[in-house]
Amino acid sequence: MALLPADDPESEQLATPDEAMSAWRALSQEDKVRLGAFAEMEARFRQRYAPGLTGKDLLNEAAVRVLEGKRNWPLRKIAFIGFMFGTVKSIAGDLKRTNEGKLRAAALTEADLRTGDDANEGINPIENLSAGLDTPETFALAEDQLAAIQSEFEDDETAWYVLECAMEGYRPREIRERLNLSDHEFDAARKRIARRIAKFFLSH
Amino acid sequence: MKDKPGKRTRPADRLAELVADELLAVSGQELEGMVREWGLEPKEAAQNVDAAFKEALKRRSKARLEEAKRTREKEVAKLSGGRLDLPTDREELLVTLKARLAEIDSSQVTIQHRDFNDLTECDIRSLIRQLSALEKREPSGNGNA
């Protein structure tokens with residue numbers, strides 16, 4: 001693969017930790033609010049296998065990794081706020097692998113193989129949610145959680161289908177096409193989902 | 001249109017993405033309202049971000065300082081040409097330091113005026129090694145210790 005010159009706009013330029021630090025200082029107040037809220041939300045999503053985890057924990061770990069150069073911001077490709085969202089999400093998602101006592105890697109491998117063998121079947125959201133959970137008890141808990149989330153949208157068919165498609169792994173554009181929704185309809189459904197999920201995780 | 005996504009995903013990740021997209025799309029009072037629905041005050045959310053970066057910055061500065069100290073110690077040890085048998089007791093270390101200072105031509109060494117009692121054992125050992133290193137060089141002007 002040919003290397004592109006450093007001044008080529010297509011070349012991947014990674015920010016130094018000092019540049020990342022400057023980007024943090026330049027974040028608007030609203031972007032800081034967004035990032036802080038997103039970290040809190042991620043922590044709430046992960047309470048099942050990381051009880052007691054807070055948004056602050058995720059933010060602290062994200063900031064350390066960025067300033068130590070363990071996570072590098074590709075500054076030509078994504079805005080700093082988007083990069084930080086991705087970093088927080090990645091750390092939260094990695095918790096399954098790093099949490100002591102969890103056999104996530106083994107369980108996920110088994111579930112992945114099953115999906116590969118049944119290539120023509122859709123992905124079962126319950127299997128998805130429980131991927132990486134290694135005991136029947138945790139599987140039951142995940143099923144219970146998914147059913148509870150489902151019940152939040154019994155009166156909102158559009159939001160429910162958007163949610164179901166999202167949990168099966170479809171991207172926003174794919175969901176709009178699949179459900180024949182306009183941008184406005186999809187955005188409105190997403191707004192309702194975001195609010196109701198917030199209420200669900202606050203009360204459970 | 002694809003019938004199914006090409007990549008296996010996790011529902012929690014997808015939920016997070018949906019909400020993240022919404023967070024990035026709203027602003028002003030709508031953003032604040034959404035954040036409060038998560039049980040968080042907007043100001044607190046922003047403060048958590050700043051606190052995290054400030055703490056990480058402090059940690060990085062401390063790590064750099066310790067690395068610089070280790071590098072300096074290695075270089076001084078190299079200059080002084082190997083191990084020095086130094087006392088382990090702090091008072092004896094101070095005595096050794098003062099003795100070394102007395103031996104050296106004062107025109108060659110400038111020492112910042114300080115109360116030696118404020119020096120740590122590590123500092124005293126480092127000064128002794130630096131003086132030993134200076135002794136092995138030919139005198140070429142003032143050195144700082």
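A nonpolar core, as I use the term in this notebook, is a set of buried Ala, Val, Leu, Ile, Met, Phe, Trp, Tyr and Cys residues joined through side-chain atoms within 4.5 Å. I should add right away that the model I am reading is predicted.

**Entry 1: the cores**

With that term in hand, I went looking for the largest nonpolar core and found 73 residues in it. Which of them touch the most other members? I noted Phe45(A), Phe80(A), Leu163(A) and Ile197(A). Next I asked which element gives the most to this core. My answer is helix 4 of chain A, residues 80-98, with nine residues. As a general reminder to myself, nonpolar side chains tend to be buried together in soluble globular proteins.

I also came across a second, separate core, made of eleven residues. Among them are Leu94(B), Ile104(B), Leu119(B) and Ile124(B).

**Entry 2: around Phe80(A)**

I picked Phe80(A) for a closer look and set aside residues up to four places away in sequence. What does Phe80(A) touch then? In chain A I listed Ala20(A), Ala23(A), Trp24(A), Leu27(A) and Trp73(A). From chain B I could add Phe53(B) to the list.

**Entry 3: Arg44(A)**

I found Arg44(A) in helix 2 of chain A, which covers residues 29-45. Is Arg44(A) buried or exposed? Its relative accessible area is 18%, and the cut-off for buried is under 20%, so I put Arg44(A) down as buried. Leaving aside neighbours within four places in sequence, I see Arg44(A) in contact with Phe201(A) and Leu202(A), and with Trp38(B) from the other chain.

**Entry 4: chain A by itself**

I counted ten helices and zero strands in chain A. Read from the N terminus, its elements are therefore easy to write down: α-α-α-α-α-α-α-α-α-α. Chain A has 204 residues, and 44% of them are buried. For contacts with a separation of 6 or more, I noted that 62% join residues 24 or more positions apart. The accessible surface of chain A is about 10,700 Å², and carbon and sulfur atoms hold 50% of that.

**Entry 5: chain B by itself**

Chain B gave me five helices and two strands. Where do the strands come in the order of elements? From the N terminus I read α-α-α-α-β-α-β, which puts one strand after the fourth helix and the other at the end of the run. Of the 145 residues in chain B, 38% are buried. Residues 24 or more positions apart make up 70% of the chain B contacts with a separation of 6 or more. Chain B exposes about 9,100 Å², with 48% supplied by carbon and sulfur atoms.

**Entry 6: where the chains meet**

How many residues are in contact across the two chains? I have 48 from chain B and 69 from chain A. The area buried between them is about 5,700 Å², and carbon and sulfur atoms give 65% of it.

I then turned to the charged and polar pairs. There are nine salt bridges across the interface. One that I looked up joins Lys89(A) to Glu17(B), with the closest N and O atoms 3.1 Å apart. I also logged twelve residue pairs in polar contact between the chains, both residues at pLDDT 80 or more.

Last, I checked which elements give two or more residues to the side of chain B that touches chain A. They are helix 1 (11-25), helix 2 (28-37) and helix 3 (42-79) of chain B. Helix 1 of chain B supplies the largest share of that side, 15 residues.

Technical notes
Residues numbered from 1 in each chain as written. Chains lettered and ligands numbered in written order. Heavy atoms only, no water. Buried < 20%, exposed > 50% of the residue type's maximum accessible area, 1.4 Å probe, protein only. Helix = DSSP H or I, 4+ residues; strand = E, 2+ residues; numbered from the N terminus. Contact = heavy atoms within 4.5 Å. Areas by Shrake-Rupley, 256 points an atom, 1.4 Å probe, with all protein chains shown as cover. Buried area = accessible area lost by both parts, 1.4 Å probe. Salt bridge = Lys/Arg side-chain N within 4 Å of Asp/Glu carboxyl O. Polar contact = N/O pair within 3.5 Å; in protein donor to acceptor, adjacent residues only side chain to side chain.
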